[in-house]
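This report describes a single protein chain, going from the overall fold to selected residues. The sequence and the model are shown first.

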Amino acid sequence: MEKLSQALVSKISIFQKRLQSFLENDFDPNSEEHERIRQEFESSKDEALVRGISQGLPEDHVDRAIVVFSRLAMVFDSGVLLENHDGEWKAQAAFSKGVTELLKNPAKSTLKIPAANLMTVLKTDSFSMLQKLNLHDLDPENKTTCLLIKVTPDFAFLLFSSLPDLWLKEHTENVRRALINGFAD
């Protein structure tokens, strides 16, 4: 049992180091540059940009999930990367208004997500999801719709959009197709 625990801790540590290496930048997360990006940010519905989400991805499924998640920061208002830990989904990273950050809180909240097929898009209440994860700052005005997409058995994305339903439906389908292309092996 102890060897299993050590292996699990080792796996989590390796994942966190990989995630951090993908998401680290050369400037402080609270810097003026981040604030400028956030103030000028507007999520894109550009189909070419959405198709680019799945291009030139790493072979490793962990790296692939991290890269795709960081690319989604340009096409959604905010998002959360969830990792599966024996049925409990733990928030590992988040993006808001184009800026992606590793969640460094050691007591990260976990969620139970409904059983769903891979690449199925589930729509849910943003406020309750953000409340469960204690990430209210991703939608402080409660103006977004939350989409849940399980991209692999180990990773899921919570994506938040302020697009009206009329445009969100088409945008979501374009993103879903890009994700299928990116994760199809």
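A polar contact is a pair of N or O atoms within 3.5 Å; within protein, one atom must be able to donate a hydrogen and the other to accept it. The side chain of Ser161 has such a contact, reaching the backbone nitrogen of Leu163 at 3.1 Å. The model is a predicted one.

**Overall architecture**

The secondary structure of the protein chain consists of six helices and seven strands. Read from the N terminus, the order of elements is α-α-α-α-β-β-β-β-β-α-β-β-α. Of the 185 residues in the chain, 44% are buried. Among contacts between residues at least 6 apart in sequence, 62% link residues at least 24 apart.

**Helix H4**

Helix H4 covers residues 61-72. Its 12 residues should span 16 Å at 1.5 Å a residue, and the C-alpha atoms at its ends are 16 Å apart, so the expected and modelled spans agree. Nine of the 12 residues are buried, which means that H4 is largely enclosed by the rest of the structure. Among the buried residues are Val62, Ile66, Val67, Val68, Phe69 and Leu72, and also Asp63 and Arg64. At the start of the helix, a side-chain oxygen of Asp60 comes to within 3.0 Å of the backbone nitrogen of Val62.

The loop between helix H3 (47-52) and H4 contains Ser54. Ser54 has a relative accessibility of 16%, and because buried means under 20%, Ser54 counts as buried. A polar atom of the Ser54 side chain lies 3.2 Å from the backbone oxygen of Arg51. Leaving out residues up to four places away in sequence, Ser54 touches Arg71, Ala178, Asn181 and Gly182.

**His171 and Ser161**

His171 is part of helix H6 (residues 165-183). With a relative accessible area of 3%, His171 is buried. A polar atom of the His171 side chain is 2.9 Å from the backbone oxygen of Val75. Beyond its neighbours within four places in sequence, His171 is in contact with Ser44, Lys45, Val50, Val75, Phe76 and Leu163. Asp46 is 125 residues from His171 in sequence, yet their C-alpha atoms are 8.9 Å apart.

Ser161 belongs to strand S7 (residues 155-161). Ser161 is buried as well, at a relative accessible area of 2%. Apart from residues up to four places away in sequence, Ser161 touches Phe76, Asp77, Lys143, Thr144, Thr145 and Leu168. Phe76 is thus listed among the contacts of Ser161 and among those of His171.

The polar contacts of three buried residues are set out below.

| Side chain | Backbone partner | Distance |
|---|---|---|
| Ser54 | oxygen of Arg51 | 3.2 Å |
| Ser161 | nitrogen of Leu163 | 3.1 Å |
| His171 | oxygen of Val75 | 2.9 Å |

**The largest pocket**

Which residues lie nearest the centre of the largest pocket? They are Asp77, Lys97, Leu138, Thr144 and Ser162, out of a lining of 17 residues. The volume of this pocket is about 390 Å³. By class, the lining residues comprise four nonpolar, five polar and eight charged. Two of the residues nearest the centre, Asp77 and Thr144, are also touched by Ser161.

**Loop residues**

Lys97, one of the residues nearest the pocket centre, is in the loop between S2 and strand S3 (99-102). Lys97 is not a glycine, but its phi is positive, at about 50 degrees. Its relative accessibility is 43%, so Lys97 counts as partly exposed.

Asp86 is another non-glycine residue with a positive phi, here about 55 degrees. Asp86 is found in the loop between strand S1 (78-85) and strand S2 (88-96). With a relative accessible area of 77%, Asp86 is exposed.

Glu141 sits in the loop between helix H5 (126-133) and strand S6 (145-150). At 57% relative accessibility, Glu141 is exposed too. The side chains of Glu141 and Lys143 make a polar contact at 3.3 Å. Glu141 and Phe127 are 14 residues apart along the chain, with 9.5 Å between their C-alpha atoms.

Conventions: Residues are numbered from 1 along each chain as its sequence is written. This is a predicted model: local features need pLDDT of at least 70, side-chain atom pairs count only at pLDDT 80 or more; totals for chains, interfaces and linings use all residues. Side-chain values use heavy atoms; hydrogens and water are left out. On a 1 Å grid over the protein atoms alone, a cavity is a set of points where a 1.4 Å probe fits but cannot get out, and a pocket is an open set with protein on both sides within 12 Å along at least five of seven lines; lining residues have an atom within 4 Å of a point. Grid points are joined across faces, edges and corners, and a volume is the space filled by probe spheres set on the points. Ala, Val, Leu, Ile, Met, Phe, Trp, Tyr, Cys and Pro count as nonpolar, Asp, Glu, Lys and Arg as charged, and the others, Gly among them, as polar. Helices (H or I, at least four residues) and strands (E, at least two) are DSSP runs, numbered from the N terminus. The expected span of a helix is 1.5 Å times one less than its number of residues. Buried means under 20% relative accessible area, exposed over 50%, partly exposed in between (1.4 Å probe, protein chains only). Contact means heavy atoms within 4.5 Å.
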